[in-house]
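Reader: Please present the model for inspection, so that its local geometry may be discussed in turn.

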Amino acid sequence: MSETTATIQISQNGPYIVSGGLPLCKVSIAVNAEGESVSWQQGKEYPLQESYALCRCGHSQNKPFCDGHHVKVSFDGTETASRQSYVQQAKVFQGPTRYLTDATSLCSSARFCDPHGTVWKSVGISGQAEAGEHFVAQVGLCPSGRLGAWDKETGQPIEPQYPVSIAVVEDPSQHCAGPLWVRGGVTIIAGDGFAYEIRNRVTLCRCGASKNKPFCDGTHISIGFQDEK
């Protein structure tokens, strides 16, 4: 992860206040012929701003930016997510040369874990060259950081290099809009001042319906969350 002074301040029952000149863009989940998530497709890049407010309630008419609708709808943005570290939350799945960690509460339902027989199966054969490449790539595409790949010999995580930025996720195959994908190690501050663990990959809820706020829990799919005004 790159060093950055950028921060995301979560306002109580209000938007995400972003500072530090974080680039903002749109990305879409691309699927193969079988409908499996296989890559990220780059989309629109927003003009760079030093600071801006992103909608957290899901009701803004100017998504992804806040327009004050959280007040009109009496949005309850109570943060309920665990404040334990990722490692404390995660289960471990051992393989011959690598191992997998999995913190299920962080799942944003992006489904990159499904191809090649799922990462939970492929970790068991990750010592094989091709299988190991698929395993590491799939884990690294997981936007929420629910999944982690680790080198057994060094005990170090195997992480992709992502730009320090925020990506607004779209999920065309599920006909919905997804979370905010925070990349590259950005400080996220809770409404009460608590600093969440800094991680390379995090997804924040922007539909307002997650039961694991501020993090996404995939509810945007079941409610058919949309960006349209």
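The exchange below treats a sheet, the nonpolar cores, the aromatic pairs and some single residues.

Author: This is a predicted model, in which local features need pLDDT of at least 70, side-chain atom pairs count only at pLDDT 80 or more, and totals for chains, interfaces and linings use all residues. Residues are numbered from 1 along each chain as its sequence is written, and side-chain values use heavy atoms, with hydrogens and water left out.

Reader: In what order do the 3 strands of the open sheet lie?

Author: Helices (H or I, at least four residues) and strands (E, at least two) are DSSP runs, numbered from the N terminus. Two strands pair if DSSP finds at least two bridges between them. The pairing in this open sheet is antiparallel, and the order of its 3 strands is 6-7-8.

Reader: Which are the edge strands of the sheet?

Author: An edge strand here pairs on one side only. The two that do so are strand 6 (91-94) and strand 8 (147-151).

Reader: Which residue of strand 7 is the bridge partner of phenylalanine 93?

Author: Strand 6 runs antiparallel to strand 7 (residues 98-102), and 4 bridges join them. In strand 7, phenylalanine 93 has as its bridge partner leucine 100.

Reader: What angle does the direction of helix 4 make with that of strand 7?

Author: Helix 4 (residues 129-141) packs on the sheet and touches strand 7 and strand 8, where contact means heavy atoms within 4.5 Å. Axes are lines fitted to C-alpha atoms, for helices over the stretch in contact, and angles run from 0 to 180 degrees between N-to-C directions. On that basis, the direction of helix 4 makes with that of strand 7 an angle of about 25 degrees.

Reader: Where is arginine 146 found, and which side chain does its own side chain join in a polar contact of 2.5 Å?

Author: Arginine 146 is found in the loop between helix 4 and strand 8. At 14% relative accessibility, arginine 146 counts as buried (buried means under 20% relative accessible area, exposed over 50%, partly exposed in between, with a 1.4 Å probe and protein chains only). A polar contact is a pair of N or O atoms within 3.5 Å; within protein, one must be able to donate a hydrogen and the other to accept it, and residues adjacent in sequence count only if both atoms are side-chain atoms. The partner at 2.5 Å is the side chain of aspartate 102.

Reader: Which strand gives the most to the largest nonpolar core?

Author: A nonpolar core is a set of buried Ala, Val, Leu, Ile, Met, Phe, Trp, Tyr and Cys residues joined through side-chain atoms within 4.5 Å. The largest has 32 residues, and Ile8, Leu22, Leu54, Ile166 and Leu204 have the most contacts inside it. Strands that each supply at least two residues of this core include strand 1 (7-10), strand 9 (165-171) and strand 12 (201-204). With 3 residues, the one that gives the most is strand 10.

Reader: Why is the pair of tyrosine 162 and tryptophan 181 assigned its geometry, and what is that geometry?

Author: Rings of Phe, Tyr and Trp (its six-membered ring) pair if their centres lie within 6.5 Å; planes under 30 degrees apart count as stacked, over 60 as edge-to-face and the rest as tilted. The structure holds 8 aromatic pairs. The ring centres of tyrosine 162 and tryptophan 181 are 5.1 Å apart and their planes are at 75 degrees, so the pair is edge-to-face.

Reader: Is phenylalanine 194 buried or partly exposed?

Author: Phenylalanine 194 forms a ring pair with tyrosine 196, with centres 5.3 Å apart and planes at 90 degrees. Tyrosine 196 is buried, with a relative accessible area of 6%. Phenylalanine 194, at 28% relative accessibility, counts as partly exposed.

Reader: Which backbone oxygen does the side chain of serine 60 reach?

Author: Serine 60 is found in the loop between strand 5 (51-54) and helix 1 (69-72), and at 1% relative accessibility it counts as buried. Its contacts, not counting residues up to four places away in sequence, include Cys55, Asp67 and His69. At 2.6 Å, its side chain reaches the backbone oxygen of phenylalanine 65.

Reader: What distance separates the C-alpha atoms of tyrosine 46 and cysteine 25?

Author: Tyrosine 46 has its place in the loop between strand 4 (37-45) and strand 5, and is buried, with a relative accessible area of 11%. Along the chain, tyrosine 46 and cysteine 25 are 21 residues apart. Their C-alpha atoms are separated by 5.6 Å.
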